[in-house]
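Please work through the exercises below with the sequence and the coordinates open side by side. Each task sentence is followed by a solution that goes step by step.

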Amino acid sequence: EEEQDHLRHALEALRLDGSLSVPRSLSALLGERIRRLPDDERRAVVAAAVLGSPVDVAVLSAMLDVPLGRVHENVEELVDKELASVLGPVTFGLRTPLLPAVVLAGLEPDLCVELHLRAARAYQAVLGARTEEEAGRIALHLAEAGERDRAAGFFATSGLSCLAARRFDRAVGEPGRALDYADVESRSAEELTEWIAALGQA
């Protein structure tokens, strides 16, 4: 109980002041709490850290290959333990940015790559024909996994989709990222021209 109170006060301070310098002891305390979680809850925390906030429970379910009902139960447990917060009817987030930072820092590079690939596949499986809605997030996961040219295609899709919907705030930067990550020798001149034109409109 004393340990949980210490963590609660520290997390509240973090939410109030994002510039707060985090003591190493707090990072160690949080890491220990994660390690002591039941396996399914710990896997949910790790996957959520990789996915980033907000986490869609259907995407989390697909990424973990766990029934949706069980994922909802895991999220409820994490909320009760003050490690997660409900953000919407089907979304949640980890309680503080420190939590995913601690989780990601403890992952082996190969596992991190695999998890980002699973995250990208989960978005595509859940969204299907609506994949362009989260193309930017899929691109980020592919980029983190080292799949640079595939990431470029999704960055371009995200930018073009946002431009078509006149969501210029989200379109800014995406065409440029597409050009940065693309294997230009494998891309057609028409495709690259379209991306450059989009860059000028964003």
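The exercises that follow concern a predicted model, and they go from the whole chain to single residues.

**Exercise 1. Describe the make-up of the protein chain, and find where the model's confidence is low.**

Step 1. The protein chain holds 12 helices and 3 strands, and of its 202 residues 42% count as buried.

Step 2. Among the contacts with a separation of 6 or more, 56% are made by residues 24 or more positions apart.

Step 3. The average pLDDT of the chain is 88, and 88% of the residues score at least 70; over residues 9-21, however, pLDDT stays under 50, and for this stretch the model has 11 contacts beyond four places in sequence.

Step 4. Where pLDDT is low, the predicted coordinates should not be read in detail.

**Exercise 2. Work out the order of the strands in the sheet, and say which of them stand at its edges.**

Step 1. The 3 strands form an open sheet with the order β1-β3-β2, and their pairing is antiparallel.

Step 2. β1 (55-56) and β2 (84-88) each have a single partner strand and therefore stand at the edges, where one side of each is left without a neighbour in the sheet.

Step 3. Between β2 and β3 (residues 91-94) the antiparallel pairing runs over 4 bridges, and Gly-93 in β3 is the bridge partner of Ser-85.

**Exercise 3. Identify the residues with the most contacts inside the largest nonpolar core, and follow one of them, Met-63, to its surroundings.**

Step 1. The largest nonpolar core comprises 53 residues, and those with the most contacts inside it are Leu-51, Met-63, Phe-92 and Leu-99.

Step 2. When neighbours within four places in sequence are left aside, Met-63 is in contact with Ala-47, Val-50, Leu-51, Leu-115, Arg-118, Ala-119 and Ala-122.

Step 3. Of these partners, Leu-115, Ala-119 and Ala-122 are among the buried residues of α7.

Step 4. As a general background to such a core, nonpolar side chains tend to be buried together in soluble globular proteins.

**Exercise 4. Check the span of helix α7 against the expected value, and then trace what its buried residues pack against.**

Step 1. Helix α7 covers residues 109-127, and at 1.5 Å a residue its 19 residues should span 27 Å, because the expected span is 1.5 Å times one less than the number of residues.

Step 2. The end C-alpha atoms of α7 are 27 Å apart, which agrees with the expected span.

Step 3. The buried residues of α7 include Cys-112, His-116, Leu-117 and Tyr-123, and the buried set packs against α3 (39-51), α4 (57-64), α8 (135-144) and α9 (148-164).

Step 4. Just after α7 comes Gly-128, which takes a positive phi of about 60°.

**Exercise 5. Decide whether helix α8 is largely enclosed or largely open, and name what covers its buried residues.**

Step 1. In α8, 8 of the 10 residues are buried, so the helix is largely enclosed by the rest of the structure.

Step 2. The buried residues of α8 are Ala-135, Gly-136, Arg-137, Ile-138, Ala-139, His-141, Leu-142 and Ala-143, and their cover includes α3, α7, α9 and α11.

Step 3. Gly-146 follows α8 and has a positive phi, near 85°.

**Exercise 6. Classify the aromatic pair, and compare the burial of Phe-155 with that of Tyr-181.**

Step 1. A search of the whole structure finds 1 aromatic pair.

Step 2. The ring centres of Phe-155 and Tyr-181 lie 5.5 Å apart and their planes are at 35°, so the pair is tilted.

Step 3. The pair links distant parts of the chain, since Phe-155 is in helix α9 and Tyr-181 in helix α11, 26 residues apart.

Step 4. Phe-155 counts as buried at 1% relative accessibility, whereas Tyr-181, with a relative accessible area of 24%, is partly exposed.

Step 5. In α11 (residues 174-181), Glu-174, Pro-175, Gly-176 and Ala-178 are buried, and what covers them includes α8, α9, α10 (168-171) and α12 (189-201).

**Exercise 7. Determine whether Ser-161 is buried or exposed, and list what it touches.**

Step 1. Ser-161 has its place in helix α9.

Step 2. Its relative accessibility is 14%, and because buried means under 20%, Ser-161 counts as buried.

Step 3. Not counting residues up to four places away in sequence, Ser-161 touches Glu-132 and Arg-167.

Conventions. Residues numbered from 1 in each chain as written. Predicted model: local features only at pLDDT ≥ 70, side-chain atom pairs only at ≥ 80, totals over all residues. Heavy atoms only, no water. Core = buried A, V, L, I, M, F, W, Y, C linked by side-chain atoms within 4.5 Å. Buried < 20%, exposed > 50% of the residue type's maximum accessible area, 1.4 Å probe, protein only. Contact = heavy atoms within 4.5 Å. Helix = DSSP H or I, 4+ residues; strand = E, 2+ residues; numbered from the N terminus. pLDDT = per-residue confidence, 0-100. Pairing = 2+ DSSP bridges. Phe/Tyr/Trp six-rings, centres within 6.5 Å; stacked < 30°, edge-to-face > 60°.
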